[in-house]
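The exercises below are to be worked with the sequence and the coordinates at hand. Each task is followed by a solution that proceeds step by step.

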Amino acid sequence: MVLEMKKQSMMFISVIVIIIVTSCSKDDDKLAEPLIVGKWEFSKEATYDGSNQEVLQDYIHRCETKKDFMQFELNGNYNDSNSTSDCQSEENAFMYVFDNGLVKLYSNGVALSYAIKVKLLTNNKLRIKYENSSSPTGKAYVSEFILVRK
């Protein structure tokens with residue numbers, strides 16, 4: 001009887017040790033980082049010809065030493081930089097929410113008038129479509145770009 005109780009106690013302790021070891025993995029401590037997080041440099045611009053066929057053109061950076069980019073941080077901060085021909089940076093900083101393939105930007109808690117639709121997102125490539133609903137003509141302004149991770 002004592003021997004049987006010892007076996008049961010050892011079995012119980014073994015099960016507890018296995019549970020503790022397998023449930024306390026360091027991988028559980030890391031949150032999955034959304035794929036969009038990172039710095040993305042503009043690479044191509046998509047336009048459409050008269051037949052509505054897509055034409056990809058190299059993105060023209062107005063300053064050779066400063067490339068235009070977007071940056072998404074894990075904490076919800078977003079910033080971008082576009083340079084002028086005299087290499088002065090025009091920078092923006094907002095908060096963002098990325099949900100269902102759409103990036104919504106917020107300034108002081110108020111959503112901006114345009115959204116960024118994510119058409120493709122891989123480890124190294126981000127294809128976006130800007131849709132601005134507040135153009136003076138009432139027509140939506142649409143631009144498409146391909147960015148590469150930097």
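## Exercise 1. A ring pair between two strands

At 22% relative accessibility, Tyr114 counts as partly exposed. The model under study is a predicted one.

**Task.** Classify the ring pair of Tyr114 and Tyr130 from the distance of the centres and the angle of the planes, and state whether Tyr130 is buried or exposed.

**Solution.**

Step 1. A search of the whole structure finds eight aromatic pairs. One of them is stacked: the rings of Tyr78 and Phe94 have centres 6.2 Å apart and planes at 20°. Tyr78 belongs to strand 4 and Phe94 to strand 5, with their positions 16 residues apart in sequence. Both Tyr78 and Phe94 are buried.

Step 2. For Tyr114 and Tyr130, the ring centres lie 5.7 Å apart and the planes meet at 65°. Planes over 60 degrees apart count as edge-to-face, so the pair of Tyr114 and Tyr130 is edge-to-face.

Step 3. The pair of Tyr114 and Tyr130 links distant parts of the chain, with Tyr114 in strand 7 and Tyr130 in strand 8, 16 residues apart.

Step 4. Buried means under 20% relative accessible area. Tyr130 has 16% relative accessibility and therefore counts as buried.

Step 5. Ring pairs join Tyr114 and Tyr130 with Phe42, Tyr59 and Phe145 into a cluster.

## Exercise 2. The overall layout

**Task.** Determine how many helices and strands the chain has and in which pattern they follow one another.

**Solution.**

Step 1. The chain contains one helix and nine strands.

Step 2. Along the sequence, the order is α-β-β-β-β-β-β-β-β-β.

Step 3. Of the 150 residues in the chain, 25% are buried. The accessible surface comes to about 10700 Å², and carbon and sulfur atoms account for 55% of that area.

Step 4. Among contacts with a separation of 6 or more, 36% join residues 24 or more positions apart.

## Exercise 3. The disulfide

**Task.** Identify which cysteines form the disulfide and where in the chain they lie.

**Solution.**

Step 1. A disulfide is a covalent bond between the sulfur atoms of two cysteines. The structure holds one.

Step 2. The partners are Cys63 and Cys87, whose sulfur atoms are 2.0 Å apart. The angle about the S-S bond is 95°, and the link of Cys63 and Cys87 is right-handed.

Step 3. Cys63 sits in the loop between strand 2 (54-58) and strand 3 (69-72), while Cys87 sits in the loop between strand 4 (77-83) and strand 5 (89-99). The two cysteines are 24 residues apart, and the pair links distant parts of the chain.

Step 4. Cys63 is buried because its relative accessibility is 1%. Cys87, by contrast, has 24% and so counts as partly exposed.

## Exercise 4. A histidine in a loop

**Task.** State which backbone oxygen the side chain of His61 reaches and which residues His61 touches.

**Solution.**

Step 1. His61 is placed in the loop between strand 2 and strand 3.

Step 2. With 13% relative accessibility, His61 counts as buried.

Step 3. The His61 side chain reaches the backbone oxygen of Phe42 at 3.0 Å.

Step 4. Leaving aside residues up to four places away in sequence, His61 touches Glu41, Phe42, Lys67 and Asp68.

## Exercise 5. The largest nonpolar core

**Task.** Establish which residues have the most contacts inside the largest nonpolar core and which strand gives the most to this core.

**Solution.**

Step 1. The largest nonpolar core has 19 residues, and Met70 and Phe72 have the most contacts inside it.

Step 2. The elements that give two or more residues to this core include strand 1 (38-48), strand 6 (102-107) and strand 9 (141-149). Strand 8 gives the most, with three residues.

Step 3. Beyond residues up to four places away in sequence, the neighbours that Phe72 touches include Trp40, Tyr78, Tyr96, Val103 and Leu126.

## Exercise 6. A serine in the last exercise

**Task.** State in which strand Ser143 lies and which residues Ser143 touches.

**Solution.**

Step 1. Ser143 lies in strand 9. Its relative accessible area is 7%, so Ser143 is buried.

Step 2. Apart from residues up to four places away in sequence, Ser143 touches Ile128, Lys129 and Tyr130.

Step 3. Ser143 and Ile116 are 27 residues apart in sequence, and their C-alpha atoms are 9.7 Å apart in space.

Technical notes
Residues are numbered from 1 along each chain as its sequence is written. This is a predicted model: local features need pLDDT of at least 70, side-chain atom pairs count only at pLDDT 80 or more; totals for chains, interfaces and linings use all residues. Side-chain values use heavy atoms; hydrogens and water are left out. Helices (H or I, at least four residues) and strands (E, at least two) are DSSP runs, numbered from the N terminus. Buried means under 20% relative accessible area, exposed over 50%, partly exposed in between (1.4 Å probe, protein chains only). Contact means heavy atoms within 4.5 Å. Accessible areas come from the Shrake-Rupley method with a 1.4 Å probe; for residues, only the protein chains shown count as cover. A disulfide is a pair of cysteine sulfur atoms within 2.5 Å. A nonpolar core is a set of buried Ala, Val, Leu, Ile, Met, Phe, Trp, Tyr and Cys residues joined through side-chain atoms within 4.5 Å. A polar contact is a pair of N or O atoms within 3.5 Å; within protein, one must be able to donate a hydrogen and the other to accept it, and residues adjacent in sequence count only if both atoms are side-chain atoms. Rings of Phe, Tyr and Trp (its six-membered ring) pair if their centres lie within 6.5 Å; planes under 30 degrees apart count as stacked, over 60 as edge-to-face and the rest as tilted.
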